[in-house]
Amino acid sequence: MSSSLIIGAGMAGLTTARELRLQGWDVIVLDKGRGVGGRLATRRIEQARADHGAQYFSATTPAFQEVVQELLADKVIAKWEPAQPSPADTTVDQPHYIGIDGMNTVAKALAKNLTVHTSETIVSFRVDDSQWLVETESGGQYRADALLITIPAPQALALIEKSGFPITTADKSALSAIAYQPCLAVMVALHQPSTMPNAVRYDTGDIAWVADNAQKGISLGQPSITIHASADFSRTHFDDDLNAIGRQLVDQLSDLIPADNISTIQVHRWRYSLADQRHPAPFLKAEAPLTLLFGGDGFGEGNVEGAFTSGLAMANFCTADL
Ligand SMILES: Cc1cc2nc3c(=O)[nH]c(=O)nc-3n(C[C@H](O)[C@H](O)[C@H](O)COP(=O)(O)OP(=O)(O)OC[C@H]3O[C@@H](n4cnc5c(N)ncnc54)[C@H](O)[C@@H]3O)c2cc1C
């Protein structure tokens, strides 16, 4: 049986893992997070829920549509039709989907029956005794025939450097060309429902996106709002004090969220949110003595569906190659 280690339990890593498992591979997924999902992220604040990473996804390819049908049948996701479509949304004609209990439940469903070790930060990898040997911060060691790295490219480059792995100049420049926008995400738990007329509002200044998680159907116990700062604002204020950022952005929405309706504000820094400069192919096969692939939303089409397509392409490559 062939074996693989997958670094990253986001959409790309879980998709690869599922597919390789189906093909009879021995698969272990490792992620530094406390749970699976990566940017498919939902946080609980008091009795409220808030999606603070990906907000929804579309499915334009037959392969992803098949998974979407499975998730719809299992009541993991639902179709979502926000009244105000994004002016920048290139998939506006396609149906949009959300996790019924938040986007993270999509990742949890995909991870079912997989071997996933969370809270495991990979600190190095190398070839040892004709296999990949991966080491984690906690002292763990994992071995496999193929190594698939699905973490954002700048983090992959840092890992390569830390490992002292001899990557070629061409592979290094392909990974270095991938770039992400940052995003400061503010989550606000409310006492009363917001006065947003629709579930979503797109802004053009410091704030790019506002979503009412109660109207979205994922925060029925207590209303909450998610605010995504624009890429420019996020870049400028990325290292500022989180409380100050939260207040500054919430104050700009006093028409929707008056001060006396705010219960708790939390802010999450996404250093890597949307991959706006991507590698053209769905993954990169690096020059290495054993199979070493890099994938994720920085490869191919980007976003949740692009991460899926990347994951699937990596799995198909492995099963054809080994
Ligand atoms: C604020 C925001 C809004 C977004 N909105 C949308 C949207 O509306 N629609 C859409 O389609 N997409 C959206 N996206 C993008 C979408 O979330 C991503 O494209 C997709 O989820 C990426 O999946 P991935 O598997 O490639 O990466 P990730 O989900 O980032 O997974 C990578 C995983 O690697 C782990 N990791 C990193 N380093 C290590 C290490 N050293 N050791 C172990 N594990 C490690 C991380 O913990 C993470 O779980 C948004 C993203 C953000 C942040």
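In this predicted model, a backbone N or O atom of lysine 32 lies 3.0 Å from a nitrogen atom of the ligand. Taken alone, the ligand exposes 1000 Å², and the protein buries 92% of that area. Because domain 1 (3-34 + 118-179 + 279-321) and domain 2 (42-109 + 182-270) both give residues to the shell around the ligand, the ligand lies between them.

**Backbone contacts to the ligand**

- Besides lysine 32, whose backbone N or O atom is paired with a ligand nitrogen, alanine 12 places a backbone N or O atom 2.9 Å from an oxygen atom of the ligand.
- Methionine 11 likewise contributes a backbone N or O atom, which lies 3.1 Å from an oxygen atom of the ligand.

**The shell around the ligand**

- There are 33 residues around the ligand, and those that come nearest are Ala12, Asp31, Arg39, Tyr56 and Asp297.
- Sorted by class, the shell holds 13 nonpolar residues, 15 polar residues and five charged residues.
- Two helices, H1 (11-22) and H8 (303-321), each supply at least two residues of this shell, and the largest share, three residues, comes from H8.

**Domain arrangement**

- The chain is divided into two discontinuous parts, with domain 1 made of 3-34, 118-179 and 279-321, and domain 2 made of 42-109 and 182-270.
- Taken over C-alpha atoms, the centres of domain 1 and domain 2 are separated by 28 Å, and the contact between the domains takes eight residues from domain 1 and twelve residues from domain 2.

**Packing of helices H4 and H5**

- The axes of helix H4 (residues 153-163) and helix H5 (residues 169-176) come within 9 Å of each other and cross at roughly 145°.
- On the H4 side the contact is made by Ala153, Leu157 and Ile160, while on the H5 side it is made by Lys172, Leu175 and Ser176.
- The residues of this contact divide into four nonpolar, one polar and one charged.

Note on methods:
Residues are numbered from 1 along each chain as its sequence is written. This is a predicted model: local features need pLDDT of at least 70, side-chain atom pairs count only at pLDDT 80 or more; totals for chains, interfaces and linings use all residues. Side-chain values use heavy atoms; hydrogens and water are left out. Axes are lines fitted to C-alpha atoms, for helices over the stretch in contact, and angles run from 0 to 180 degrees between N-to-C directions. Helices (H or I, at least four residues) and strands (E, at least two) are DSSP runs, numbered from the N terminus. Contact means heavy atoms within 4.5 Å. Ala, Val, Leu, Ile, Met, Phe, Trp, Tyr, Cys and Pro count as nonpolar, Asp, Glu, Lys and Arg as charged, and the others, Gly among them, as polar. A residue is near a molecule or strand if one of its heavy atoms lies within 4 Å of it. A polar contact is a pair of N or O atoms within 3.5 Å; within protein, one must be able to donate a hydrogen and the other to accept it, and residues adjacent in sequence count only if both atoms are side-chain atoms. Accessible areas come from the Shrake-Rupley method with a 1.4 Å probe; for residues, only the protein chains shown count as cover. Domain bounds come from an automatic or database domain assignment.
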